[in-house]
Amino acid sequence: MTAAVTYQNVEYVKGYEYFLKALFSPLILIVSPSENLASGGIAVHSSQYDSHGAASNAIDRKRNPLYHAGSCSHTEAETNPWWRVDLLDTYQVTFVTITNRGDCCLHRINGAEIRIGNSLENNGTTNPLCAVISEMREGQPMDIPCNIVSLHVTIVLPGREKYLALCEVEVYGESDDPNQSEMTHFTGKSK
Ligand SMILES: [Ca+2]
């Protein structure tokens, strides 16, 4: 008898949990911050300026815009420098947030192209064009909307003797797999 009562209580508690989940799940989806897909990826770039400028610094979840804090990527001066993050799966990318360097060199990023797609041809620099950065504020994150299915996000700076520095690159979107849509249905973004 005692066991039966306990069982019933457990069922009651489970039923109550399901009721609460059903009641609040839509609210949870609305207020949950989205997942930054870039932070789980692998970053590479065409060259590295010095020990502070690793490619992975642009996906370390820190928007610190001061280069010597060690949270920005930085290439050497070269022709068409590029930086890329491999997302390790395909996603319907909806927007990219880029944080520019804030301690100097504000205009160096002008003209950078955001290329998004599944190809690694020319290091991803020939993938579909999402946007061209005309200008950015020092150290300020900028949201750039895209709507492209993608495995790779590449930022390339066309021209000669160009430095490409990125203090943070965040990628937001949802799974390209309809079976995963409930897990990765993003309704907002983290800041
Ligand atoms: Ca960073």
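# Notebook: strands, core and loops

**Entry 1, the β3 and β8 pairing.** I started in the middle of the sheet pairings: β3 and β8 pair in the antiparallel sense, and I counted eight bridges between them. For my own record, two strands pair if DSSP finds at least two bridges between them. Helices (H or I, at least four residues) and strands (E, at least two) are DSSP runs, numbered from the N terminus. I then looked up one bridge and found Val93 partnered with Gly173 in β8.

**Entry 2, what I am looking at.** I note that this is a predicted model, where local features need pLDDT of at least 70, side-chain atom pairs count only at pLDDT 80 or more, and totals for chains, interfaces and linings use all residues. Residues are numbered from 1 along each chain as its sequence is written. The pLDDT, the predictor's confidence in each residue from 0 to 100, averages 82 over the chain. A score of at least 70 is reached by 75% of the residues.

I checked the weak stretches next. Residues 1-32 have a pLDDT below 50, and beyond near neighbours in sequence I found four contacts for this stretch in the model. A contact here is a pair of residues whose C-beta atoms, placed from the backbone, lie within 7 Å. Residues 181-191 also stay under 50, with 23 contacts beyond four places in sequence.

**Entry 3, the overall layout.** I find one helix and eight strands in the chain. Read from the N terminus on, the order is α-β-β-β-β-β-β-β-β. Of the contacts with a separation of 6 or more, 75% join residues 24 or more positions apart. Buried residues make up 30% of the 191 in the chain. My cut-offs: a residue is buried if 20 or more other C-beta atoms lie within 10 Å of its own, exposed if 12 or fewer, and partly exposed in between, with C-beta atoms placed from the backbone.

**Entry 4, more partners of β3.** Which other strands join β3? I found strand β1 (residues 42-45), held to β3 by four bridges in an antiparallel run. His45 stands opposite Trp83 of β3 in that pairing. With β6, β3 shares 13 bridges, again antiparallel, and here Trp83 stands opposite Ile155.

**Entry 5, a look at β4.** Is β4 enclosed or open? Four of its five residues are buried, so β4 is largely enclosed by the rest of the structure. On pairing, β4 and strand β5 (residues 129-132) are antiparallel over three bridges, and Arg115 stands opposite Leu129 in β5. β4 is also joined to β6 by five bridges, antiparallel. There I see Ile114 opposite Ile155, the residue of β6 that also stands opposite Trp83.

**Entry 6, the core.** A nonpolar core is a set of buried Ala, Val, Leu, Ile, Met, Phe, Trp, Tyr and Cys residues joined through C-beta atoms within 7 Å. The largest one has 34 residues, of which Ala58, Val96, Ile155, Leu166, Val169 and Val171 touch the most other members. At least two core residues come from each of β3 (82-99), β4 (113-117), β6 (141-156), β7 (165-166) and β8 (168-175). β3 gives the most, with eight residues. A reminder to myself: in soluble globular proteins, nonpolar side chains tend to be buried together.

I followed up on Val171. Leaving out residues up to four places away in sequence, Val171 touches Asn36, Leu37, Ala38, Val85, Leu87, Val93, Val96 and Val153.

**Entry 7, Pro141.** I located Pro141 in strand β6. Pro141 is partly exposed because it has 17 C-beta neighbours inside 10 Å. How many residues separate Pro141 and Glu168 in sequence? I get 27, while their C-alpha atoms are 8.1 Å apart in space. Its contacts, neighbours within four places in sequence aside, are Arg63, Thr97, Ile98 and Thr99.

**Entry 8, positive phi in two loops.** Cys105 is not a glycine, yet I read a positive phi of about 65° for it. Cys105 lies in the loop between β3 and β4 and is partly exposed, with 14 other C-beta atoms within 10 Å. Asn122 is my other entry here: its phi is near 50°, positive in a residue other than glycine. Asn122 sits in the loop between β4 and β5, and its 13 C-beta neighbours inside 10 Å make it partly exposed.

Technical notes. Two residues are in contact if their C-beta atoms, placed from the backbone, lie within 7 Å.
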